Amino acid sequence: MEASRSSVWVDGLFTGVLGYVAVVIFVGLVDLALGRSLFYTPAAFGDGLISTDADRFVSAAPVLAYNGLHLLVFLVVGVLVSWLAYEVELHPAVWYVAFFACVSIFFLSVFFITAFGDPLGEVLPWWAIFGANIVAAGVMGTYLVKRHPQLWRKIESSGAAL
């Protein structure tokens, strides 16, 4: 199915929501495995967004602040990667740029989370952040590949594949 400009927005928003939900589930499972509340990590990260208080306890305001920002970032990334898939469908040689952009987004997200969340390093270990990003990228990529089944054939037929 070849995408239209309007479906880029719909696919992008749905892709972002899927990535967001995948990370929420992954981080929730990590928190439960570590014997903590399901909302411990969002509360701790959200606390860093809205206060400088060192006391960390689960309350609604930090959880909502963090999840709101997290969802917004995923919606933007979802629309961006959906647009990249649309452009690659139109111009298969652009897939190199799209691949580089997706890899860059992945590593920049890991960098920003670990750099700005450095004081919260004990809240969520680096391997959990990396794992959450891998899960989100896998879910989002799988959805977009299923939405664009002709994409890889177009890339191969243009001679742009590796």
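## A walk through an all-helix model

The side chain of Asn133 reaches back to the backbone oxygen of Ile129, at 2.9 Å. That is one detail of a predicted model, and a good place to start. Asn133 sits in helix α5, which covers residues 126-147. Is Asn133 buried or exposed? Its relative accessible area is 12%. The cut-off for buried is under 20%, so Asn133 counts as buried.

A second polar partner is available to this side chain. Asn133 makes a polar contact with the side chain of Ser109, at 2.8 Å. Leave out residues up to four places away in sequence, and Asn133 touches Phe106, Ser109, Val110 and Ile113. Ser109 therefore appears twice, as a polar partner and in the list of touching residues.

Now look at Trp126, also in helix α5. Trp126 has a relative accessibility of 62%. The threshold for exposed is over 50%, so Trp126 counts as exposed. Asn133, in that helix too, is buried. Trp126 and Thr114 are twelve residues apart in sequence, yet their C-alpha atoms lie 7.1 Å apart in space.

Step back to the whole chain. The protein has six helices and zero strands. From the N terminus on, the order reads α-α-α-α-α-α. Of its 162 residues, 38% count as buried. How many of the contacts between residues at least 6 apart in sequence join residues at least 24 apart? The share is 72%.

Next come the charges. The whole structure holds two salt bridges. One of them pairs Asp11 with Arg147, at 3.0 Å from N to O. Asp11 belongs to helix α1 and Arg147 to helix α5, so this pair ties together parts that are 136 residues apart in sequence. The two ends differ in exposure. Asp11 is buried, at 2% relative accessibility. Arg147 is partly exposed, at 28%.

The other salt bridge joins Arg36 and Asp31. Here the closest N and O atoms are 2.8 Å apart. Which class of exposure does Arg36 fall into? Its relative accessible area is 18%, so Arg36 is buried. Asp31 is buried as well, at 0% relative accessibility.

The surface comes next. The protein exposes about 9,200 Å², and carbon and sulfur atoms supply 75% of that area. Where is there a nonpolar patch? Val17, Val21, Ile25, Leu29, Leu32, Leu38 and Phe39 form one on the surface. Together these residues have about 610 Å² of accessible area. One of them, Ile25, has its place in helix α1, which spans residues 5-33. Helix α1 also carries Asp11, the acidic partner of Arg147.

Last, confidence. The mean pLDDT of the protein is 83, and 86% of the residues score at least 70. Which helix scores highest, and which lowest? Helix α1 is highest, at a mean of 92. Helix α6, residues 151-157, is lowest, at a mean of 77. Where pLDDT is low, the predicted coordinates should not be read in detail.

Put the pieces side by side. Helix α5 holds buried Asn133 and exposed Trp126. Its Arg147 is linked to Asp11 of helix α1. Helix α1 also includes Ile25, a member of the nonpolar surface patch.

Methods
Residues are numbered from 1 along each chain as its sequence is written. This is a predicted model: local features need pLDDT of at least 70, side-chain atom pairs count only at pLDDT 80 or more; totals for chains, interfaces and linings use all residues. Side-chain values use heavy atoms; hydrogens and water are left out. Helices (H or I, at least four residues) and strands (E, at least two) are DSSP runs, numbered from the N terminus. Buried means under 20% relative accessible area, exposed over 50%, partly exposed in between (1.4 Å probe, protein chains only). Contact means heavy atoms within 4.5 Å. Accessible areas come from the Shrake-Rupley method with a 1.4 Å probe; for residues, only the protein chains shown count as cover. A polar contact is a pair of N or O atoms within 3.5 Å; within protein, one must be able to donate a hydrogen and the other to accept it, and residues adjacent in sequence count only if both atoms are side-chain atoms. Patches are made of residues with over 30% relative accessible area and no salt bridge: like charges are joined within 9 Å, nonpolar side chains (Val, Leu, Ile, Met, Phe, Trp, Tyr) within 5 Å. A salt bridge is a side-chain nitrogen of Lys or Arg within 4 Å of a carboxyl oxygen of Asp or Glu. pLDDT is the predictor's confidence in each residue, from 0 to 100.
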